[in-house]
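Hi,

Here is the structure I promised to pass on. Have a look at it first, and then read my notes underneath.

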Amino acid sequence: MPFQPRELFPDRSARDLFGAEIRRHREKADMSLRRLSEVLNYSKSHLARIEAAESLPYDDLPAKLDACFGTDGLFARLYALAKNEPFPGKYRRMIELESQAVIIEQYVCAPFPGLLQAPQLAERGLRCGRPHAQDAEIEAMVKARLDRQAVLDRPKPPRCWFILDEAVLRRPVGGHEVMGAQLASLLKRGTQSHVTIQVLPFTAGDHPERGGSLTLFTIPGEPLVAYDEGSQSGVIIEDQEAVARRRENYDLLRAMALSPLDSEAMIRAVMKDWTPCQPPRT
C-alpha cells in the first residue's frame, strides 16, 4: 500500500496552520521530511508531529525554516501565534468546555485524569507516549497539562466528580515513588469540598463504558455535552439522544462504584502497596 500523508487541518488553529505551511513549502521544494530534518538538524519524528500539530516547535525552528525556504519571516510570525496554543487543535474545544463547565463528571479506565495527575506521573505518562521526544518538548507538555488544573483551584471551581477504575490505581507508572506520590496527591484532592472521587472496583464486573473514558460537561445555559476519549483520539458528542445514553451510563457507573469513604479506604490500601519497603534495622 502506498504511503498516505496524514491529513492536516490548517483552518483549525494557528498551530495547525504552522504545521501545514511546513508541509506546503517542503513539498514545493520537493523535500522529504527526512531531507528537511537533515538540513535543519532537527528530529524527523518531531518535525512529523509539528506538521500534524501534535507538538510545538522549539524557539529556534521558525528562523531555520524561514532561512531554508526563503519565506521572509513567515514562520516567525506564525510561531508568535502558535506558541500561545499549548494544546493540539483537536483538543482545544474539549479544553474550552472544561474551563467553562460548572459541573465536570468523568470516568476513566486509564490513566489518571489529567486534572488529577501529579507532576511526576504526568511526566512519565507523556514520556511513555512519546519515547523519542526531547526533554524540552516533554517539559512543555507537562506544564500545559498541569496548568489545566488551575480550574480546580479558582475562587468558584466547578463541581467535579471522578470515577476511577481500580486498574488506574494498580497499573504501575514510573515505579513505587511516582505511584505513591500520585495516590497521595489524589487523597489530597479528595479533601476539597467540590471534588468527589469514587473507585469502580474490579468486583463490579462488566459495564457499558469499558475500554475508554467518558466526561460530561454542564455549562450554564447550554445542553449537556459528552466527551468520549480513547488512547489516541477523542470525540465531542452534542447530539442530545447520544448524550442522554452517556448520562445514563455515567449514572450507572456511579451506582456501581464504591462510596467516597470506601473509595478513600481502597486508595489508602493500594497506597501501601506502592510504599517502598524499608530495610530492616541492624
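Below is what I found, going from the whole chain to the sheet, then two helix pairs and one loop residue.

First, a caveat: this is a predicted model.

**The chain as a whole**

The chain has 282 residues, and 46% of them count as buried. Its C-alpha trace spans about 65 × 65 × 45 Å along the principal axes. You'll find 12 helices and six strands in there. If you look at contacts between residues at least 6 apart in sequence, 70% of them join residues at least 24 apart.

**The sheet**

How are the six strands ordered? They make an open sheet that reads 3-2-1-4-5-6, with mixed pairing. Strand 3 (195-200) and strand 6 (234-237) are the edges, each pairing on one side only. From one strand to the next, the twist averages 15°.

Strand 1 (residues 103-108) is a good place to start. Five of its six residues are buried, so strand 1 is largely enclosed by the rest of the structure. On one side, strand 1 pairs with strand 2 (residues 159-165) in the parallel sense, over six bridges. Strand 1 also pairs with strand 4 (residues 213-218), again through six bridges, but here the two run antiparallel.

Gln106 is a handy residue to follow across these pairings. Its bridge partner in strand 2 is Phe162, and its bridge partner in strand 4 is Thr215. From Thr215 you can step on to strand 5, where the bridge partner is Tyr227. So if you colour just a few residues, try Phe162 and Gln106, then Thr215 and Tyr227.

Strand 4 and strand 5 run antiparallel, joined by five bridges. Their hairpin has six residues between the strands, and Gly221 there takes a positive phi near 75°. Strand 5 (residues 225-229) is mostly covered, with four of its five residues buried. Strand 5 pairs in turn with strand 6, antiparallel and over four bridges. One bridge to pick out there is the one from Asp228 to Val235 of strand 6.

**Two helix pairs**

A pair of packed helices is described by the angle between the axes and the distance between them, and that is how I've listed these two.

Helix 4 (residues 61-69) and helix 5 (residues 74-82) pack at about 155°, and their axes are 7 Å apart. That angle makes helix 4 roughly antiparallel to helix 5. Their crossing is right-handed. On the helix 4 side the contact is made by Pro62, Leu65, Asp66 and Phe69, and on the helix 5 side by Leu74, Phe75, Ala76 and Tyr79. By class, that gives seven nonpolar residues, no polar ones and one charged.

Helix 7 (residues 119-129) and helix 8 (residues 135-147) have axes that come within 9 Å and cross at roughly 130°. Helix 7 and helix 8 are therefore oblique to each other. Helix 7 passes helix 8 in a right-handed crossing. Helix 7 brings Pro119, Ala122, Glu123, Leu126 and Arg127 to the contact, while helix 8 brings Asp135, Ile138, Met141, Val142, Arg145 and Leu146. Sorted by class, the contact of helix 7 with helix 8 comes out as seven nonpolar, no polar and four charged residues.

**One residue in a loop**

Last stop: Gln149, which sits in the loop between helix 8 and strand 2. Is Gln149 buried or exposed? With a relative accessible area of 11%, Gln149 falls under the 20% cut-off, so it is buried. Which residues does Gln149 touch, leaving aside neighbours within four places in sequence? Its contacts are Gly114, Leu115, Leu116, Gln117 and Arg189. For a distance to check in your viewer, the C-alpha atoms of Gln149 and Arg254 are separated by 23 Å, and the two residues are 105 residues apart along the chain.

That's it from me. Shout if anything in these notes is unclear.

Cheers

How values were computed. Residues numbered from 1 in each chain as written. Predicted model: local features only at pLDDT ≥ 70, side-chain atom pairs only at ≥ 80, totals over all residues. Heavy atoms only, no water. Axes fitted to C-alpha atoms, helices over the stretch in contact; angles between N-to-C directions. Parallel < 35°, antiparallel > 145°, perpendicular 65-115°, else oblique. Left-handed = near helix turned anticlockwise from the far one by under 90°. Contact = heavy atoms within 4.5 Å. Nonpolar A, V, L, I, M, F, W, Y, C, P; charged D, E, K, R; others polar. Pairing = 2+ DSSP bridges. Buried < 20%, exposed > 50% of the residue type's maximum accessible area, 1.4 Å probe, protein only.
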